[in-house]
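This report goes through the annotated spans, the pockets and the cavities of one structure. The description follows the display below.

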Amino acid sequence: MAADSPPPAVPEPKPEPEQKPGPEPEPEPGPQPAEVHVRFDRVGKTFPGKGRGAAPHVALRDVSLEIRRGEVFGVIGHSGAGKSTLVRLVNGLETPTAGRVHVGPHELTALGEKGRREVRRDIGMVFQQFNLFRSRTVAGNVAYPLKVAGVRQPERDRRVARLLDFVGLLDRAHDHPEQLSGGQKQRVGIARALATEPSLLLADEATSALDPETTGEVLALLRQVNRELGVTIVIITHELDVIRSVADRVAVLDSGRVAETGSVYDVFARPRTEAAARFVGATLRDRPSAQTLARLRARHTGRLVTVRVRDDQGGFQTRLARTFLDHQVAADIVFGGISELQERPVGSLTFALTGPGGAVDAALVALRADGVDLAEEEEA
Amino acid sequence: MHEFTTNLPVYREAIRQTLSIVGVSLAAGGVLGLALGLVLYATRPGNLLGNRAVFLAVNVLVNVVRPVPFVIFITAIQPLMLHTIGTTIGTGAVTFALSLSAAFAISRIVEQNLLTVDPGVVEAARATGARPVGILLTVLIPEALGPLVLGYTFIFVAIVDMSAQAGLFGGGGLGDFAITYGSQRYNWPVVYITVATIVVLVQAGQFLGNWLARRALRR
């Protein structure tokens, strides 16, 4: 290791001043024209069936997406929704069976394997299982992409030292991966992915194999990569915490289709599609499940109504209380939760409402007229 | 003991011949088998250089050649030997046949061990923009090195075994010595000392292989 050369604290940011994200994250990437970094244009991917006569597997259908330069873009959805396939189309590890994929100025789908290899050198990738080379040391792992890119000594050693310093593992340079903890392994994975100073980083369930505390560390590192180095990040996950703490915008993938795309807050606070609402409910855990509803019905006599909590519903609790009082409706909070997303409140509360004939209906009409977003839980 | 000592010069020559046959066959067959094994691994459909036609052709060839017993194999390829090295007898001819036979066995061992390498590691290498041949040589072989060394050690023992039949084709060696100077003359000390020599040779090879594999695996 080039211990004599003074390593700068972090790799130099990419020289793209107008695209560099500011020190404050944009909570809502507004209407300002942002350069598109990755574009999916009606992309489909069908895998041939495994074994004779097996039906082909449609992993993605008609996916259109735009990922902006410098943002952290989350792709969420249940396992089997096609997330991993989608991220592998970005660096050409898989090729689509329909549509086009653009990365920067390149149309990946128009390039041959050789051209895709060139594009890949400007795209880093981190994996759920780290996928480190066991036969190489920590430094050797980070040096590998540099060797592939033809970076010679002593420049290679210098860059490896700088990267290991950036991820806080300079003292482990000569260890082998099996001597490291999970979080350390992923930090080596991130250093390796950043070795060629790519403008785009793909993270495929990068924290799913880690415990909550280590997940936090790795997410903080990814955030630092995005903010300090200006690297665009596409992060695939099924974990809410990952989206909550790093993503600017998300796409919800459901059975190979994009159900919804938008800012993290919008998608979580106002899911517009059934698929997104289901995923959001399952991750936020603020909506009662069918089993919970059955138990609530057994326990409470009233009608069950769920009110959505959002930042545009300011003072709604006072309004609720007043309306219920005016209509002589007894309201018990029986389920729900409120948490923060991008520093704004999100969640829902489920009430059991009882009152004299027609009073509950009248109260609900009044609340709806007042702009309160509520929904009665239907009988199963 | 003089039953053996009178044959000492022949014994020394037999050891030299066996070491030469085994050493050259392991090296030549090892390189050729590695190449064949890499082709088998890489051309498997869906793999780095997936090519069904090449894979099937090489796969069938290996499957046809491998089950043929060495004595029959060396007889069967006599026309090929005449064509390429100009003779069908002697140490050279035996070494040639043995190298070829070993290559086919090694190709399977290489293929199997490469298949055990985590596909995720290969994917990580692909994601860096590395070329398939580069991935084979700089990722797959190093990742599978420990088991590969053990596989080669296994083949070394098999080659020692097959080299005992060299005498049938004028190739000399310890097998020939044990039969010609030993059993055919009822000279049992020669037989047992030869057997012991082969055991020592195999033990030494196995010990070296284990040691190298342990170093590769860092265990």
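A helix here is a DSSP run of H or I that is at least four residues long, and helices are numbered from the N terminus. In that numbering, α7(B) gives the largest share of the lining of the largest pocket, namely five residues. The model is a predicted one.

**Annotated spans**

For chain A, the UniProt annotation "domain: ABC transporter", from an unreviewed entry, covers residues 38–280. This span of chain A is 37% helix and 26% strand, and its end C-alpha atoms lie 25 Å apart.

For chain B, UniProt places the feature "domain: ABC transmembrane type-1" at residues 15–209, again from an unreviewed entry. Residues 15–209 of chain B are 78% helix and 0% strand, with end C-alpha atoms 20 Å apart. The UniProt annotation "transmembrane region" (unreviewed entry) covers residues 20–41, 53–74, 80–106, 135–160 and 190–213 of chain B. Among these, residues 53–74 of chain B are 82% helix and 0% strand, and the end C-alpha atoms of the span lie 28 Å apart. Residues 80–106 of chain B are 78% helix and 0% strand, with 21 Å between the end C-alpha atoms.

**Pockets and the largest cavity**

The table sets out volume and lining class for three spaces.

| Space | Volume | Nonpolar lining residues | Polar lining residues | Charged lining residues |
|---|---|---|---|---|
| Largest pocket | about 1,100 Å³ | 15 | 11 | 12 |
| Second largest pocket | about 520 Å³ | 11 | six | seven |
| Largest cavity | about 110 Å³ | eight | three | three |

The largest pocket has a volume of about 1,100 Å³. It is lined by 38 residues, of which A:L93, A:E94, B:G46, B:E123 and B:R126 are the closest to its centre. Both chains contribute elements to this lining: β1 (36–47), α1 (83–90) and α2 (113–120) of chain A, and α6 (91–115), α7 and α8 of chain B, each supply at least two residues.

The second largest pocket holds about 520 Å³ of space. Its lining has 24 residues, and those closest to the centre are A:L132, A:R134, A:S135, B:V121 and B:E143. The elements that give two or more residues to the lining of this second pocket are α8, α9 (145–163) and α11 (188–217) of chain B. The largest share, three residues, comes from α9(B).

How many cavities of 30 Å³ or more does the structure hold? There are four. In the largest cavity lies about 110 Å³ of space. Its lining is made of 14 residues, and A:G124, A:R192, A:A193, B:A127 and B:T128 are the closest to the centre. Two or more lining residues of the largest cavity come from each of β6 (123–126) and α5 (182–194) of chain A and α7 (119–127) of chain B. The largest share of this lining is that of β6(A), with three residues.

**Helices α7 and α8 of chain B**

Helix α7 of chain B gives two or more residues to the lining of the largest cavity, and α7(B) also gives five to that of the largest pocket. Helix α8 of chain B supplies at least two residues to the lining of the largest pocket and two or more to that of the second largest pocket. B:L137 lies in this helix α8, which spans residues 132–143 of chain B. Together with B:L49 and B:V133, B:L137 makes a nonpolar surface patch of about 250 Å².

Methods
Residues numbered from 1 in each chain as written. Chains lettered and ligands numbered in written order. Predicted model: local features only at pLDDT ≥ 70, side-chain atom pairs only at ≥ 80, totals over all residues. Heavy atoms only, no water. UniProt positions renumbered as here; feature names shortened; annotations may be inferred. Patch = residues over 30% accessible without salt bridge, like charges linked within 9 Å, V, L, I, M, F, W, Y side chains within 5 Å. Areas by Shrake-Rupley, 256 points an atom, 1.4 Å probe, with all protein chains shown as cover. Salt bridge = Lys/Arg side-chain N within 4 Å of Asp/Glu carboxyl O. 1 Å grid on protein atoms, 1.4 Å probe; cavity = no way out; pocket = protein on both sides within 12 Å on 5 of 7 lines; lining within 4 Å. Points joined across faces, edges and corners; volume = space filled by probe spheres on them. Nonpolar A, V, L, I, M, F, W, Y, C, P; charged D, E, K, R; others polar.
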